[in-house]
Amino acid sequence: MPALHRHDALRLLSRLTPRRLWNAAKVLASFYLARLSRRPIQWGLPITISIEPTTACNLRCPECPSGLRAFSRPTGNLRADFFRQVVDELSPDLLYLIFYFQGEPYINPAFLDMVRYAAGKGLYTITSTNGHFLDDDNARRTVESGLDRLIISVDGATQEVYEQYRKEGKLETVLEGARNVANWKRQLGSHTPHVIFQCLVVRPNEHQLSDIKQLALDCGADEVRFKTAQVYDYQNGHPLIPVNARYARYAPQSDGSWRVKHRLLNHCWKLWHACVITWDGIVVPCCFDKDATYRLGDLKTAPFRQLWQGRDYRDFRSQILKGRDQIDICTNCTEGCRVWGRE
């Protein structure tokens, strides 16, 4: 493991406490017992949560509800006082917190203050950004906030390719933002945040992956990750599906149709160790429920523990264990899947 990755892993491990370790052990044990018994057993609380700073976004990415302005649920910004209430309740058992669901986190003016608060509770903190708001001041404040990991979307090595997915985005603004963060890390003598250039691999950019690695090196990023892209209307093929099968979630069939190239298994680790909280306090099962269709509770009306162990969560876990292919948000997801032909 490269030294920079070891530093990041050690920071995550340093957040463990006896209580958090015990909670993780309970979650893991209940997950495997639930798989064996086909019963929705859950003894612990989440190891991680994702919380949504905002639904707003400055870009118009074609496979994103924020970019398409296509939400049917209410939109808005996470309130700092509500956020502190959630963190105060969950932080004793929680290990890490992801500041992202939909939208661009830096649009919320209180975002970095919330990061600082979570870091002060001993949580490992992560966010994902399109990188357009990392001016010199925000870059300094990001480093000073205690953010542990910063994922920056870099979906092309040239403006022409980048803007084919990141509609209305400016690649040079993103790269300058990454350089700003690297500069402030040096000036402040900080190892954090661990900066990841993440590329959503689609057909327009799949020929530039080596160039994106070089951009990361030039801008002072610590790591590069290539991520397969979710496509909504894949059944008849789609111009975003990569030619290189390694980076595609979908495979062509003899009749000309396409399918998800993994077989769904009737379990899902995310339903046991993680959850997503929208900006207005709705608890949903995972990041694939982008429009909050499967509402498992509302933190404005009940404490989290009550919802996590409540009937709606139990029923959803039971449904996963009985027939995951019957839940629409699960059919286009690679979590808990097996690759066809590798049984």
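Trainee: So a pocket is an open set of points on a 1 Å grid over the protein atoms alone, where a 1.4 Å probe fits, with protein on both sides within 12 Å along at least five of seven lines. How much space lies in the second largest one here?

Mentor: About 260 Å³, taken as the space filled by probe spheres set on the points, which are joined across faces, edges and corners. Keep in mind that this is a predicted model, where local features need pLDDT of at least 70, side-chain atom pairs count only at 80 or more, and totals for chains, interfaces and linings use all residues. Residues are numbered from 1 along each chain as its sequence is written, and side-chain values use heavy atoms, without hydrogens or water.

Trainee: Which residues lie nearest the pocket's centre?

Mentor: Q230, Y232, F288, D328 and I329, out of 13 lining residues (an atom within 4 Å of a point).

Trainee: New topic: what order do the strands of the open sheet have?

Mentor: The 9 strands run β6-β5-β4-β3-β2-β1-β10-β11-β12, with mixed pairing. Strands are DSSP E runs of at least two residues, numbered from the N terminus, and pairing takes at least two bridges.

Trainee: Which strands stand at the edges?

Mentor: β6 (223-228) and β12 (297-298); each has a single partner strand, so one side of each lacks a neighbour in the sheet.

Trainee: And in what sense do β10 and β11 pair?

Mentor: Antiparallel, over 2 bridges, between residues 274-277 of β10 and 282-284 of β11. V276 stands opposite V284 in β11.

Trainee: Last one: what is F99 in contact with?

Mentor: Beyond neighbours within four places in sequence, its contacts (heavy atoms within 4.5 Å) include I51, P53, F83, P105, F111 and M114. T125, I126, T127 and S128 are also among them.

Technical notes:
Helices (H or I, at least four residues) and strands (E, at least two) are DSSP runs, numbered from the N terminus.
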